[in-house]
Amino acid sequence: MTPLTYRTGDATDPQGDGPKLLVHVCNDIGAWGRGFVLALSKLHPEPERAFKAWAAGETDQPYALGEVQFVPVRDDLTVANLIGQHDIARKNRPTAVPPVRYEAIRAGLSRVRTEAQRTQASVHMPRIGAGVAGGDWAVIEPIIEQELAAHGVPVTVYDLPPETP
């Protein structure tokens with residue numbers, strides 16, 4: 001098994017040589033506008049446009065939990081919009097169950113694995129599903145290990161540097 005690599009830095013600018021897949025978690029209602037995607041859209045507007053068209057039914061690909069949309073943004077970088085969240089968290093309508101859907105993340109990462117192996121790409125991500133989706137990294141990390149690292153796919157997880165006052 002290839003161990004996960006943790007790096008302090010910006011996941012929107014994945015480091016390393018060769019082709020890279022940048023994975024992040026999206027919701028199943030077509031909303032785009034909180035968390036990691038804000039920084040992503042500033043650098044690469046294509047994933048947002050593609051996601052919104054996908055959510056609106058303007059593509060042939062099913063728009064459902066566990067699906068992944070691959071959006072090339074540079075010669076060496078493709079963004080993977082992985083639907084691993086049901087609905088969104090709302091401050092005015094709290095729910096007992098967070099929006100994250102672990103099995104959808106697992107299914108999506110299986111699709112990411114196929115694409116990474118096909119293109120010989122490394123995989124890069126923030127701590128997917130553990131931000132606005134409300135997931136537990138202690139549950140998500142083993143899913144990543146099982147679906148990607150155990151199959152020899154190199155994975156780098158990025159944490160932003162701590163903010164200085």
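Start by selecting Thr5 and Thr156: Thr5 stands opposite Thr156, which belongs to strand E6. Before going on, note that this is a predicted model, in which local features need pLDDT of at least 70, side-chain atom pairs count only at pLDDT 80 or more, and totals for chains, interfaces and linings use all residues. Residues are numbered from 1 along each chain as its sequence is written, and side-chain values use heavy atoms, with hydrogens and water left out.

**Stop one: the strands around E6**

Helices (H or I, at least four residues) and strands (E, at least two) are DSSP runs, numbered from the N terminus. Colour strand E1 (residues 5-8) together with E6: the two run parallel and are joined by four bridges. Two strands pair if DSSP finds at least two bridges between them.

Now add E5, which pairs with E6 in the parallel sense over three bridges. Within this pairing, Val123 has Val155 in E6 as its bridge partner. To get from E5 to E6, the chain passes through helix H4 (residues 137-147), making a right-handed β-α-β crossover. Right-handed means that, with the strands pointing away from the viewer, the path from the first strand over the helix to the second runs clockwise.

Is E6 enclosed or open? Four of the five residues of this strand (residues 155-159) are buried, so E6 is largely enclosed by the rest of the structure. Buried means under 20% relative accessible area, exposed over 50%, and partly exposed in between (1.4 Å probe, protein chains only).

**Stop two: Ser122**

Select Ser122 in strand E5 (residues 122-125). Ser122 counts as buried because its relative accessibility is 14%. Apart from neighbours within four places in sequence, Ser122 is in contact with Pro19, Lys20, Leu21 and Pro154; contact here means heavy atoms within 4.5 Å.

**Stop three: salt bridges**

Side chains of opposite charge can pair when their charged atoms come close. The whole structure has nine salt bridges, each a side-chain nitrogen of Lys or Arg within 4 Å of a carboxyl oxygen of Asp or Glu.

Keep Lys20 selected and add Asp76: they form a salt bridge whose closest N and O atoms are 3.2 Å apart. Asp76 sits in the loop between strand E3 (68-74) and strand E4 (77-85) and Lys20 in strand E2 (residues 20-27), so this pair ties together parts that are 56 residues apart in sequence. Lys20 is buried at 3% relative accessibility, while Asp76 is partly exposed at 28%.

Next, pick Arg106 and Glu147, a salt bridge with its closest N and O atoms 3.2 Å apart. Arg106 lies in helix H3 (residues 102-119) and Glu147 in helix H4, so the pair ties together parts that are 41 residues apart in sequence. Add Glu103 and Arg113 to see a network of salt bridges linking these residues with Arg106 and Glu147.

**Stop four: aromatic rings**

Finally, turn to the rings, where the structure holds four aromatic pairs. Rings of Phe, Tyr and Trp (its six-membered ring) pair if their centres lie within 6.5 Å; planes under 30 degrees apart count as stacked, over 60 as edge-to-face and the rest as tilted.

How are the rings of Phe51 and Tyr63 arranged? Their centres are 5.9 Å apart and their planes stand at 65 degrees, so the pair is edge-to-face. Phe51 is in helix H2 and Tyr63 in the loop between H2 and E3, 12 residues apart. Phe51 is buried at 0% relative accessible area, whereas Tyr63 is partly exposed at 22%.

Add Trp54: the rings of Trp54 and Tyr63 are also edge-to-face, with centres 5.2 Å apart and planes at 85 degrees. Include Trp32 and the tour ends with one aromatic cluster formed by Trp32, Phe51, Trp54 and Tyr63.
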